[in-house]
Amino acid sequence: MIEDLVKIHDKFSVEIKLGFLARKKQEISEFAVNTWIFIPNSLDINRVTYEKSDFYRDLKSNIRLITPVYLLRDIAISEKPPFDLMARSFQDLASEPTRTRISEYEYHIRMFVSIVKSALRQEINHVLRNGIHDDLDYMVETYVKNIRLIAENYRNLRRVINVPTISKELMNYFLFGDEFLSNLIEQHSFKLLDGLGKNAELPEKIKLVLTDLIAGEVNYKREKSYPVVEKESRDRNRDLVFRLSLLKKYAENELFLTTNKKRDGVWIEQVYLSIAAGISMVFATAIAFSFQQKFGNFTMPFFVALVVSYMLKDRIKELARYYFAHKLGRRFFDHRTDISLSDHNIGWSKESMDFVTEAKVPAEVIRVRNRSAILEADNRNNREKIILYRRLVRLNRKSLDDCSQYPTSGMNDIIRFNVSNFIQKMDNPVVPLFIPGENGNIGIVKGEKMYYINLVIQLKNEEQSELKRYRIVLNRKGIREIEVF
């Protein structure tokens, strides 16, 4: 199964998160994602002005394991995974700090805080979706109780490793996890408080419980000399923002997979190009032999035939190369990325991009694109340019199971697409509009000039085949919103 999420990452980037869920009882799982990008003709994006190298320069892909799923209440139980796995690694390290045990110790800290982060996000989303007034008190109190217990259990592990065999560097790994965990509790509790406040008038009791939790974490960080947000910061909390980013990368590093990208089908491509050269050589040699046999070696007709055959040989070679390259593009991809973790080959991902004509777009994709009548009429003269971005993924279930001590359902491919190249030829974002004013005067209001880039994404595997449409609303100031149809 493939899960997708399309959202705004920043002012000029769209984030497409694809989750590839490998079946438990199937050795090999294959997934295909085809994305048709419909671009207005006025943006002047075509195969001449926007080459493959430009597209891949605008594209950034991060491939990582899907975070193992645990309920917040289960993480709070010290006798169950994932906490007991981490606690065991602490005990082993304190007894004998070998390289293997140091690696295990750091691995479990990173995995634990990453799992807590995912569980917090799921718990908060659940409360915001389902927290009707009858259950809201219970759900929030349970959330606070569990997260306090998780933090307490983790912080108590300091006593296990506060022994002479543990160096300052090893203790720092624990402190990094502690600081990141405290930041998670504070940030996610703020999100929950803000989300509940938007939905309805929040009871004072719930507001007090959440603000007490947040204040407790802020005070704890001050006690431990961890940086906190300062309201009157001279540098606008620059150092804190930088540190938050570093902690996030450090904590989630264990989930990121090792990738090795290379061109796809290189050997087959060389075979086809050699065939093209051979065809042109056969033609030139045949012309030369036939004229030599008829007119002799040192004659003017033979000389002319050699010159003409040489001229045509190069043209035939280029035409044959173009033909084979076109055929090759249909069967092969631009790049192949081999995916691994801890010496386990998890699978591979292939990708390809090309401009296509509307005649080569499936009818159901055009139907989902759903142009309005005026757009359809305009498209006859100013045809939308269409980019087809293909992605093929293969995952090995056994390798996924072997690469981690925690259960994982598959991998996430987080794609960020920068649209800066698309805005270069846009008009001014503000358009003056005239309206009747008072006393016969003319009034002017400001209109907003927007452009629309449509994405139709096809998700395919053996148990799924669906089309989804998204529309990116943007102008020269950047992306305004993403609409889902």
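With a relative accessibility of 16%, Tyr56 counts as buried, a term that stands for under 20% relative accessible area, as against exposed for over 50% and partly exposed in between (1.4 Å probe, protein chains only). The model is a predicted one, in which local features need pLDDT of at least 70 and side-chain atom pairs count only at pLDDT 80 or more, whereas totals for chains, interfaces and linings use all residues. Residues are numbered from 1 along each chain as its sequence is written, and side-chain values use heavy atoms, with hydrogens and water left out.

Rings of Phe, Tyr and Trp (its six-membered ring) are taken to pair if their centres lie within 6.5 Å, and planes under 30 degrees apart count as stacked, over 60 as edge-to-face and the rest as tilted. This rule yields a count of 16 aromatic pairs. Among them, Phe55 and Tyr56 have ring centres 5.4 Å apart and planes at 80°, so this pair is edge-to-face; Phe55, at 1% relative accessibility, also counts as buried.

An edge-to-face pair is likewise formed by Phe90 and Phe174, with 6.2 Å from centre to centre and 75° between the planes. Because Phe90 lies in helix α3 (residues 83-95) and Phe174 in helix α7 (residues 168-199), the pair ties together parts that are 84 residues apart in sequence; helices here are DSSP runs (H or I, at least four residues), numbered from the N terminus. Both Phe90 and Phe174 are buried, and ring pairs link them into a cluster with Phe83, Tyr105, Phe112, Tyr154, Tyr173, Phe176 and Tyr250.

A charge is placed over a ring if NZ of Lys or CZ of Arg is within 6 Å of the ring centre and within 35 degrees of the ring normal. Arg110 lies over the face of Tyr250, at 4.2 Å from the ring centre, while Arg390 lies over the face of Phe333, at 4.3 Å.

Terms used. Helix = DSSP H or I, 4+ residues; strand = E, 2+ residues; numbered from the N terminus.
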